[in-house]
Amino acid sequence: MAYGKKLSLKAKLTLLYTTLMAAVVCAALVLLFSVSNQEILSTVQRKLRDRVAEATEDVTYRNRDLHFDSDLMELKDNVYLSLYDTNGVLLYGKIPYGFDQTTQFQDGNLREVASGNVRYYVMDMSSLVDGYGDILIRGITSVAEAEGNFKAILRAAFIVFPLIVVFAALLGYGMTKRTLAPVKKITETVQDIRRKSDFSRRIHLGEGKDEIYTLAATFDGMLDQVESSIQREQQFTSDVSHELRTPIAVILMQCDALLERKDLDSQIREEIGVIQKKTAALSQMVSQLLILSRADQGREKLVMEQQDLSELLEITSEEAKERAAEKNIAVYTDIQPNVMKKGDETLLIRMWMNLLNNAVSYGKEGGHIWIHLSQTADCITAVIRDDGIGIGKEDLPRIWDRFYQADPSRSGSESSGLGLSMVQWIVKVHGGTIQADSELGTGTIFTIRFPADG
């Protein structure tokens, strides 16, 4: 059962078709052999009768003497002919070597006679010769020779049968492959949609009335609905994010204005500061969400210019050190100078900031962060490593999902769960790859690789 589950549907159908064809051919051959054996023996017996009957015309009596046609001495159809007088004296003809000549005559009776280790069919017939009287004609043919013909057919069948099975297997494979070709196209299209997240793709098998074409049409219909739902969701997210920017900006402006007043007591000033901090985090989340929604719709415009990644990373590292100092986290940098890359400056700065903020947010008190950037002839490599709380194996694959947080209680209240989604998209649009390695309680390593320009 387990082995069967490992076989592809194509292999299963080919095996089933081949087995059925082999069974049908085998049954047909058994029936054919059974009929053929009887037919061969019947044919031998008929030829023996005919040969004996023909012999009556080859004997004449002239000038007081019997005359025999020379055809009686010929071995036609493997039939031996011999002629006797009524006393059993051989007059003319041939007898198989080793045949018991004492075998009694039985007029008009075809029978099987064993002589030594050989079996024969024997046919006796009396014939009246004008002017002479009765003579006895005996026809003898070997049963073994008849059976030899059958065995030859049987041997040929044993040779042909494997060839038939192989041909059936090839034919079954070809038919199955052709039948399942639409299924292969469906699978490849769905896998491509899953890999590229391109829900505008369709299977488009064309016109057809069988179940596979119906399945493909159902998939296309479902993809139409999914794409429509995603577009509505993306548009909704974009509209909401855009509409929230104005009230958030107003709140931040009012907070700034209130904090500039000198007549506020310390408690109110502290409460306004909390509002300002939360609103700033909300503003950042809305900004990132708006960028991602535009990216989903293909509407995010990138300004691709030659950028100094080393300088951008140095700037964001200095900002990260200030925040890390609040948790007594030491930040170490190993940044190769003048690492150049064509890209969007705003997005690249946001990429570094999100990664470093993530390292600080999940870092331990008194921990460490290591920042590395280097370039070879064909690759730019950046590594952000920390010895913070780490990420569990079950959470690691999902850290790129929007709004997903492995441990919200440890990430800080201002975390939106969009940071790594944003980072992954920025890396992708710049032609790079990002990999996360982590162990719970040990720390996390983010490795980014870009192809070197030029």
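Which residue in β14 is the bridge partner of S438? That is T444. I will come to the sheet around this pair first, then to a second sheet, and then to the salt bridges. Please keep in mind that this is a predicted model.

So, the sheet. The strands β13 and β14, residues 443–451 for the latter, run antiparallel and are paired over seven bridges. They belong to an open sheet of five strands, and the pairing in that sheet is mixed. Reading across, the order is β9, β11, β12, β14, β13. At the edges are β9, residues 330–335, and β13, residues 433–439, each of which pairs on one side only. Between neighbouring strands the average turn is 10 degrees, with direction ignored.

Two helices to point out here. α6 packs on this sheet and touches β9, β11, β12 and β14. For reference, β11 covers 368–375 and β12 covers 379–386. The direction of α6 makes about 175 degrees with that of β9. The other helix is α9, residues 419–429, which also packs on the sheet, with contacts to β13 and β14. Its direction is at about 145 degrees to that of β13.

Now the second sheet. Here five strands form an open sheet with antiparallel pairing, and the order is β4, β3, β7, β6, β5. Which strands stand at the edges? Those are β4, at 90–93, and β5, at 110–115. Each has a single partner strand, so one side of each has no neighbour in the sheet. The twist from one strand to the next averages 30 degrees. Within this sheet, β3, residues 80–84, pairs with β7, residues 133–142, in the antiparallel sense, and five bridges connect them. One position to look at is S82, which stands opposite R138 in β7.

On to the salt bridges. How many does a search of the whole structure find? Six. I will go through some of them.

Take E112 and R119. Their side chains meet in a salt bridge with an N to O distance of 2.5 Å. Both ends are partly exposed: E112 has a relative accessible area of 42%, and R119 has one of 32%.

Next, R202 and D224, with N to O at 2.6 Å. This pair links distant parts of the chain, the two residues being 22 apart. R202 sits in the loop between α3, residues 143–196, and α4, residues 211–259, while D224 is in helix α4. Are the two partners buried or exposed? R202 counts as buried, at 12% relative accessibility, whereas D224 counts as partly exposed, at 41%.

Then there is E318 with K321, where the closest N and O atoms are 3.5 Å apart. Both residues lie in helix α6, residues 309–325. They are three residues apart, so about one helical turn separates them. That is the helix I described as packing on the β9 to β13 sheet. E318 is partly exposed at 44% relative accessibility, and K321 is partly exposed at 29%. Apart from that pair, salt bridges with shared partners join R111, D124 and R138 into one network. R138 has come up already, as the residue in β7 opposite S82.

To close, back to the opening pair: S438 has T444 as its bridge partner in β14, and β13 is an edge strand of that sheet. That is what I have for today.

Key
Residues numbered from 1 in each chain as written. Predicted model: local features only at pLDDT ≥ 70, side-chain atom pairs only at ≥ 80, totals over all residues. Heavy atoms only, no water. Salt bridge = Lys/Arg side-chain N within 4 Å of Asp/Glu carboxyl O. Buried < 20%, exposed > 50% of the residue type's maximum accessible area, 1.4 Å probe, protein only. Helix = DSSP H or I, 4+ residues; strand = E, 2+ residues; numbered from the N terminus. Pairing = 2+ DSSP bridges. Axes fitted to C-alpha atoms, helices over the stretch in contact; angles between N-to-C directions. Contact = heavy atoms within 4.5 Å.
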